[in-house]
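Reader: I have this model open on my screen and would like to talk through its charged pairs and strands. Could you show it here and take my questions one at a time?

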Amino acid sequence: MTMARPPRRALTAKRRRLYVLLAAAVTLGGAAALVLNAFEDALVFFLTPTDLKARAVPDNRMIRIGGLVEEGSLRKSGGIEVRFAITDLTNRVQVRYRGILPDLFREGQGVVAQGLLGTDGVFAASQILAKHDETYMPKEVADALRKSGRWKPGAKNTGAAPGTGARP
């Protein structure tokens, strides 16, 4: 005795549309996940020394720190290696940079450094961004100083260039 198979149901137009929509949703979801993952790798977060002290930064995560170059902290070694401290007037971070500093880099000025935080707590900068004229301070630095309550309107080099959004 052989068993008869039940008849095979044909896909209705409604069911076919449902399968197509499900496949499209899965494909779009996968594409969105890949794009978000790529953005996460490309994002560079900005932190002040106080933020850096309060947060745990993952190893090998590229970040930017900003603040003022601490007076008296600049040390140049025999080659092109430079050490200095960045402060937000509350906390400080030691920075090591190997390369040529921007012409306008000096102590007491606003600066943003991009790089990695070492396990020893010293920030290894791969790029240094300095002010571009006598009244400029990076917007992120000015905002962080304002947030910490240390903003001094009218003090030396604490203004902002037109259009930067960092106003005293």
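Reader: How many bridges join S4 to S5?

Author: Happy to start there, and please keep in mind that this is a predicted model. S4 covers residues 81-87, and S5 covers residues 92-98. The two strands run antiparallel, and the number of bridges joining S4 to S5 is seven.

Reader: Which residue takes a positive phi in the hairpin of S4 and S5?

Author: Look between the two strands, where the hairpin has four residues. One of the residues in this hairpin has a phi near 70°, and that is Leu89.

Reader: What is the bridge partner of Arg83 in S5?

Author: Careful here, as Arg83 has two kinds of partner. Its side chain meets that of Glu81 in a salt bridge, at 3.7 Å from N to O. The strand pairing is another matter: in S5, the bridge partner of Arg83 is Arg96.

Reader: Which residues are joined with Glu81 into one network?

Author: Side chains of opposite charge can pair when their charged atoms come close. Glu81 and Arg83 form one such salt bridge, and Arg98 forms another with Glu81, with the closest N and O atoms 4.0 Å apart. Arg98 lies in strand S5 and Glu81 in strand S4, 17 residues apart along the chain. Through shared partners, the residues joined with Glu81 are Arg83 and Arg98.

Reader: Is Arg98 buried or exposed?

Author: Let's compare it with the cut-off: a residue is called exposed when its relative accessible area is over 50%. Arg98 has 60% relative accessibility, so it counts as exposed.

Reader: Where does Glu70 lie in the chain?

Author: The side chain of Glu70 meets that of Arg92 in a salt bridge, at 2.5 Å from N to O. This pair links distant parts of the chain, 22 residues apart, with Arg92 in strand S5. Glu70 itself lies in the loop between strand S2 and strand S3.

Reader: Which residue in S4 stands opposite Leu68?

Author: S2 spans residues 63-69. S2 and S4 pair in the antiparallel sense over two bridges. In S4, the residue opposite Leu68 is Thr87.

Reader: And which residue stands opposite Val82 in S4?

Author: For this one, turn to S3, which spans residues 75-76. S3 and S4 form a hairpin with four residues between them, and they pair in the antiparallel sense over two bridges. Opposite Val82 stands Lys76.

Reader: How many of the residues of S4 are buried?

Author: Buried means under 20% relative accessible area. Glu81 is at 22%, so it counts as partly exposed. S4 is nevertheless mostly covered, and of its seven residues the number buried is five.

How values were computed. Residues numbered from 1 in each chain as written. Predicted model: local features only at pLDDT ≥ 70, side-chain atom pairs only at ≥ 80, totals over all residues. Heavy atoms only, no water. Buried < 20%, exposed > 50% of the residue type's maximum accessible area, 1.4 Å probe, protein only. Pairing = 2+ DSSP bridges.
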